[in-house]
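Here are a few exercises on reading helices and their packing from a model. Try each task with the viewer open, then follow the worked solution step by step.

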Amino acid sequence: MNPDRQTATGLADLALGTRPQGRTALSARWIVAHADGRHRLLRDGEIVIEGSDVLYVGPRFPGEVARRIELGDMLVSPGFVDLDALSDLDTTLLTVDYGPGWATGRVWPRSYVDRGPYEMYSPDELAFQKRYAFGQLLRNGITTALPIASLFYREWAETVAEFDAAAMAAGELGLRVWLGPAYRAGGMVCEAPGVLEPVFDEARGLKGLDEAIAFAKRISGKHEGLVQAMLAPDRVETCTLPLLQRTMAASAEMGLPVRLHMAQGKMERRTVQRLHGTTAPQWLARHGLLHDRLIAPHAVEAEPEDLDLYARHGVTIAHCPLVYARGGELLRSFRRCRDLGIRIGMGTDTAPPDMVLNMAVALMMGRLAEGDEQGLSTSEVFDAATIGGADALGRSDLGRLQAGSKADVAIFDLGDGGFAPTVDPVQSLVFGATGRVTRAVFVDGRLSMREGEVAGFDMRAARSQAQRQFEGLVAKYPERTWGHPAVKDMFPPTYPLADEE
């Protein structure tokens, strides 16, 4: 173990899952501090945590502290804000290399609809997945998350029961979350190879909204404020106008953020054009449904007029570059959106939930979109992963480290991470492109993760359980795929298996 790594063991004296008693000073080679409305790099500085808040950021603190932990060659940063955080086992991995969605279980075939869709996971399995996903977020320096899960394997939508379990998991593990069960009024059905038709059950969607509103009223502020509420209608092509109108009215009345996926894919673009004669953002604008509480992943299919509408109405784009870059798609472009004045936050939306890797992909794809490195700066993607997400939630006390902010802190190891030589610590982190150098995370002043260990949850044992559950789900894919092909034909290995040749 190198000397710099040894200095981090001062954290070992703190009880995982609890707030330190008294003032705790963290001294490090680098701190991303915040002053005068922007991040600033502080060399050989100190941050003092008292209770759930940051008391001080600057040179060595002149006051009394209960303990001082010398972290050495570390980067102390505000925790990342993930506006589209995976909260199940990642089915998007099954879209890479494996053909169109209708042929790989991503769109229900008519035969499956007629027999009756059903839940492919038990309530206990769904509860476990939230806990496992939340642990993975903490291990990657993410301190605030808006969970997202697939509805393809659900009977219809998410349930209040599983989000009660999610709230409990967030409180026990120590993750700040905005929660709301996803609801929808429709979905796509595969009637023949490549023939996709929307079907709707508006009453079911409105019932889901009523349940989500009741959940929001009950859950907001729980677990010492770690758990807040949001409204999460599913993808825009699965929503009817009355459902969205009532959603936005409830958002305005209760002051809740709304996350609605739109301008995110070609299937959506074709479906919304067919149903409403325009793009999704223009359809919402026509009915006065765009506003500054709206978070809209992913904007890769947004047209110039759509982006103008986002800018005019204060909509935030949740930028999730990794999951799209895997399929050769990108936001066009981060630079243009920023120049228009559009707010941009970041999301991970896949496994691993590695925000550092997503920042690296955002930086590269943003520069490719503009054709030169002036297309995007490192500071802009880092701002999006911190300040941008916090501002989308209306929380100026998140996403930055300054006196009075919440003590949501991520600590990255630059000494043991192979970052040599280091010109700039933030550049080194992003160019190194891995959240695996996250050594510790505080959320609301509580030590939630240290050296890969999460408070009250065995991540190593959980990985085996997660793999078993995922394999069980994949085995059921033929039931909800057109023509019911065998799993081995749907998802062939990269190379032939030697024992099957």
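**Exercise 1. Place glutamate 305 and describe its surroundings.**

Step 1. Glutamate 305 sits in helix α9; helices here are DSSP runs of H or I with at least four residues, strands are runs of E with at least two, and both are numbered from the N terminus. Residue numbers start from 1 along each chain as its sequence is written. This is a predicted model, in which local features need pLDDT of at least 70 and side-chain atom pairs count only at pLDDT 80 or more, while totals for chains, interfaces and linings use all residues; side-chain values use heavy atoms, without hydrogens and water.

Step 2. Glutamate 305 counts as partly exposed because its relative accessibility is 46% (buried is under 20% relative accessible area, exposed over 50%, partly exposed in between, with a 1.4 Å probe and protein chains only).

Step 3. Proline 281 is 24 residues from glutamate 305 in sequence, and their C-alpha atoms are 8.7 Å apart.

**Exercise 2. Find which residues of α9 are buried, and what they pack against.**

Step 1. In α9, residues 304-313, the buried ones are Asp306, Leu307, Leu309 and Tyr310.

Step 2. Viewed down the axis of α9, these buried residues lie within an arc of 155°, so they line one face of the helix (the arc is taken from the directions from the helix axis to the C-beta atoms).

Step 3. Their packing partners are α8 (280-286), β14 (294-296), β15 (316-319) and α11 (334-340), where contact means heavy atoms within 4.5 Å.

Step 4. After α9 comes glycine 314, with a positive phi near 75°.

**Exercise 3. Describe how α4 packs with α5.**

Step 1. Helix α4 (residues 160-173) and helix α5 (residues 202-219) pack at about 25°, with axes 11 Å apart; axes are lines fitted to C-alpha atoms, for helices over the stretch in contact, and angles run from 0 to 180 degrees between N-to-C directions.

Step 2. This makes α4 roughly parallel to α5 (under 35 degrees is roughly parallel, over 145 roughly antiparallel, 65 to 115 roughly perpendicular, the rest oblique).

Step 3. On the α4 side, Val160, Phe163, Asp164 and Ala167 make the contact, and on the α5 side Glu211, Phe215, Arg218 and Ile219.

**Exercise 4. Describe how α12 is oriented to α13.**

Step 1. The axes of α12 (residues 355-370) and α13 (residues 378-392) come within 10 Å and cross at roughly 135°.

Step 2. The two helices α12 and α13 are therefore oblique to each other.
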